[in-house]
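Biologist: I'd like a close look at one part of this model, the sheet and whatever packs around it. Take your time and walk me through it.

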Amino acid sequence: MSVDVWFVMLPGVLSLDMTGPAETFALAGNAFRLHFIGPDAEVPTSIGITMSNIAPLPDTLPEGSLLVLPGVSDSARFFATPQAEKVRHWLMRQQPLIHSQKITLMCVCSGSLLAAKAGLMNGIQCTTHHDVIARLRAAAPTAQVKENRIFIEDRSIWTSAGITSGIDLTLHLINRLCGPDMALTVAREMVVWFRRSGDDPQLSPWLRYRNHLHPAIHRAQDALTAGPEKSWSLAEIAACAHVSPRHLTRLFQQHLGISVRDYLEQLRLAVAEQWLIQGRGVEHAAQAAGFSSPRQFHRARQRAIS
């Protein structure tokens, strides 16, 4: 039986917040039926393209539906429009269905702010894009707002971080509703190599230590991220950066606050965790990520936790 997925469309909708999950659901074949609803028959998106053929907001949604609230490009502006106010009141009327878990709510990026304004986040564990975490806390003071999460679920209310995390959450829901084989098939079709879990940080090792301008460190990072599984020596990494090993060590500590070895270990941990999510065994995941053994992988894991 197909699941009805309802996308609420407002002016300024972030195109990838909407099209990312929509394309992902569509690639699951007949498992999902997509609907696009909103106060207006057409809306301008964040990239200037106008979306049309938007159906009116229905009085109610059938049980078993999945309701998607995409984010908007400027939530302070676009969630203060008359159209957003109509959607807020409409969401308030759907609250009994949502809180009784008869329909599932999926918020992408700042979509959680609109849900909070409708009173749907009271007492709920939730997250959003890291730039609007403080505003979500202000909009829902009783919510348990979690920072640096890709997505989180509480009583059939799913919230996710910014933009592409909507694809991660959609793949996770496909996995839940249709099974891991379907989710993996869709991920491969989309050339999405890894599905992130909800506990993954929004700022992965690939991004977390990139907030600097030093070209030598960037050269080293480019080499390591392209092949974290390789058996790297400090001299080989320094050669890629065109500096001496000693100087590279100083640069990493000065600009990143982390050693070269620890940075590489974090990359390998991220790769191994993603292989585990895809159902590979610990031995295969550890080897594919560049660890010499599962024991070395577990030790690295413990160091990351402590």
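Which strands does helix α3 lie across, and at about what angle does α3 run to β5?

Modeller: Bear in mind that this is a predicted model. Helix α3, residues 82-99, lies across β1, β2, β5, β6 and β10, and its run makes an angle of about 145° with β5. There's another helix to put beside that one: α1, residues 15-26, lies across β1 (3-8), β2, β5 and β6. For α1 the angle is given against β2, and there it comes to about 155°.

Now the sheet itself. We have an open sheet of 6 strands, in the order β2-β1-β5-β6-β10-β9, and the pairing is mixed. The edges are held by β2 (32-37) and β9 (151-154); each has a single partner strand, so one side of each is left without a neighbour in the sheet. On average, neighbouring strands here are turned by 20° against each other, if you ignore direction.

Let's follow β6 through the middle of that order. Strands of a sheet pair through backbone hydrogen bonds, either parallel or antiparallel. With β5 (residues 66-69), strand β6 (residues 104-107) pairs in the parallel sense, over 4 bridges. If you want a spot to click on, L69 is opposite C107 of β6. Towards β10 (residues 157-160), β6 is joined by 3 bridges, and these two strands run parallel as well. Here you can pick out L105, which stands opposite I157 in β10, and M106, which faces W158 of β10. In a regular strand the side chains alternate between the two faces of the sheet.

Over at β1 and β2 there's a nice ring contact. The count of aromatic pairs comes to 6. Among them is F7 with F36, a stacked pair with 5.2 Å centre to centre and 20° between the planes. F7 sits in strand β1 and F36 in strand β2, so this pair ties together parts that are 29 residues apart in sequence.

Since you asked about packing, let's carry on to the helix pairs further along the chain. Two packed helices are described by the angle between their axes and the distance between the axes. Take α9 (residues 215-226) and α10 (residues 234-241): they pack at an angle of about 120°, with axes 7 Å apart. That angle is why α9 counts as oblique to α10. The crossing of α9 past α10 is right-handed. On the α9 side the contact uses A216, R219, A220, A223 and L224, and on the α10 side I237, C240 and A241. By type, the residues in this contact are 7 nonpolar, no polar and 1 charged.

Helix α12 (residues 260-277) shows up in two packings. With α13 (residues 282-289), the axes come within 8 Å and cross at roughly 145°, and that crossing is right-handed. R268, V271, A272, W275 and L276 of α12 meet V282, H284, A285, A288 and A289 of α13. This contact divides into 8 nonpolar, 1 polar and 1 charged.

With α14 (residues 294-305), the axis of α12 comes within 10 Å and the two cross at roughly 110°. The pair is therefore roughly perpendicular. From α12 the contact takes R261, E265, L269, A272, E273 and L276, and from α14 it takes F297, A300, R301, R303 and A304. The split for α12 with α14 is 6 nonpolar, no polar and 5 charged.

Key
Residues numbered from 1 in each chain as written. Predicted model: local features only at pLDDT ≥ 70, side-chain atom pairs only at ≥ 80, totals over all residues. Heavy atoms only, no water. Pairing = 2+ DSSP bridges. Axes fitted to C-alpha atoms, helices over the stretch in contact; angles between N-to-C directions. Parallel < 35°, antiparallel > 145°, perpendicular 65-115°, else oblique. Left-handed = near helix turned anticlockwise from the far one by under 90°. Contact = heavy atoms within 4.5 Å. Nonpolar A, V, L, I, M, F, W, Y, C, P; charged D, E, K, R; others polar. Phe/Tyr/Trp six-rings, centres within 6.5 Å; stacked < 30°, edge-to-face > 60°.
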